[in-house]
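Q: Please take a close look at the pockets in this model for me. I'd like to know what lines them, and then what is going on in the helices around them.

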Amino acid sequence: YPDPERFWKIIKDSCSGVFGVLASVLAVLGQAVCFFFVYEAGAYGAVLWIFVLGRFGNALMSMVGKPLARPGQGSLSMRGADGLSIGIGALTAIFAGAFAVSPVVQLLAYVLCGGAILFLFRLAKRVNGANGDFLGAAVVLCELAGLL
């Protein structure tokens, strides 16, 4: 269980540690491998949908993280997240996905994206706050959910 004070001290530290670099490299490599297979399958529309899904994940994290918002750029996004913006984001993701991927792929991606948001929300509760780093993580994790 992370100590909230230590967690935020590490987050605010501008130096990247070994695990931070490793996580970044793994995320980029994972996306590169997944994009290779998407292109190989000729699913070019899916590439656009994946980015829509990532931004929808950001909007979801903004809404659920709003009560835990810490000062900074992320809190501005969280402040604007409401039912209307989530509804528009959901409709955009579903509409774009209808033309890009099968319904089964969409459903699986939404379930994985929801799991990622739940993980981030539980972490935010544990460390007493959420900021723009959580929103960025939501984008990356939901994009990876769509790629998988």
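A: Let's pin down the term before using it: on a 1 Å grid over the protein atoms alone, a pocket is an open set of points with protein on both sides within 12 Å along at least five of seven lines, and a residue counts as lining if it has an atom within 4 Å of a point. Keep in mind that this is a predicted model.

Take the second largest pocket to start with. Its volume is about 170 Å³. The lining is made up of Val38, Ala46, Ile50, Val101, Val104, Val105, Leu108, Ala109, Ala145, Gly146, Leu147 and Leu148. Helices α3, α6 and α7 are the elements that put two or more residues into that lining. The top contributor is α6, with four residues. As for chemistry, eleven of the lining residues are nonpolar, one is polar and none is charged. The polar one is Gly146, because glycine is put with the polar residues in this scheme.

Now for the largest pocket, which holds about 680 Å³ of space. It has 21 lining residues, and the ones closest to its centre are Ile11, Phe19, Gly20, Ala23 and Ser24. Four helices each give at least two residues to this lining: α1 (4–12), α2 (18–40), α6 (103–126) and α7. Here α2 has the largest share, at six residues. The class count for the largest pocket is 14 nonpolar, five polar and two charged. So α6 and α7 turn up in the lists for both pockets, going by the elements that give at least two residues.

What about the helices themselves? An unreviewed UniProt entry places transmembrane regions at residues 16–38, 44–64, 84–101 and 107–124. In the model, the 44–64 stretch is 100% helix and 0% strand, with its end C-alpha atoms 31 Å apart. The 107–124 stretch is likewise 100% helix and 0% strand, and its end C-alpha atoms sit 25 Å apart.

Two of the helices that line the second largest pocket are also joined by a charged contact. The whole structure has one salt bridge, and it pairs glutamate 143 with arginine 55 at 2.4 Å, N to O. That contact ties together distant parts of the chain, 88 residues apart: glutamate 143 is in helix α7 (residues 132–147) and arginine 55 is in helix α3 (residues 44–65). The two partners differ in exposure. Glutamate 143 has a relative accessible area of 6%, and it counts as buried because that is under the 20% cut-off. Arginine 55, at 47%, is partly exposed.

Then there are the aromatics, with seven ring pairs in total. One of them is tyrosine 39 with tyrosine 44: the centres are 5.9 Å apart and the planes are at 40 degrees, so it goes down as tilted. Tyrosine 39 is partly exposed at 43% relative accessible area, while tyrosine 44 is exposed at 54%. Phenylalanine 95 and phenylalanine 99 make an edge-to-face pair, 5.0 Å centre to centre with 75 degrees between the planes. Both of these phenylalanines lie in helix α5 (residues 83–100), four residues apart, which is about one turn of the helix. Phenylalanine 95 is exposed at 56%, and phenylalanine 99 is exposed at 67%. Ring pairs also join Phe35, Tyr39, Tyr44 and Phe51 into a cluster.

Helix α5 also carries leucine 91, which counts as exposed at 61% relative accessibility. From the C-alpha atom of leucine 91 to that of lysine 125 is 28 Å, with the two positions 34 residues apart along the chain.

One last backbone detail belongs to the stretch between the two helices that the pockets share. Asparagine 128 lies in the loop between α6 and α7. Its phi is near 60 degrees, a positive value in a residue other than glycine. Asparagine 128 is also exposed, with 54% relative accessibility.

Key: Residues numbered from 1 in each chain as written. Predicted model: local features only at pLDDT ≥ 70, side-chain atom pairs only at ≥ 80, totals over all residues. Heavy atoms only, no water. UniProt positions renumbered as here; feature names shortened; annotations may be inferred. Salt bridge = Lys/Arg side-chain N within 4 Å of Asp/Glu carboxyl O. Buried < 20%, exposed > 50% of the residue type's maximum accessible area, 1.4 Å probe, protein only. 1 Å grid on protein atoms, 1.4 Å probe; cavity = no way out; pocket = protein on both sides within 12 Å on 5 of 7 lines; lining within 4 Å. Points joined across faces, edges and corners; volume = space filled by probe spheres on them. Phe/Tyr/Trp six-rings, centres within 6.5 Å; stacked < 30°, edge-to-face > 60°.
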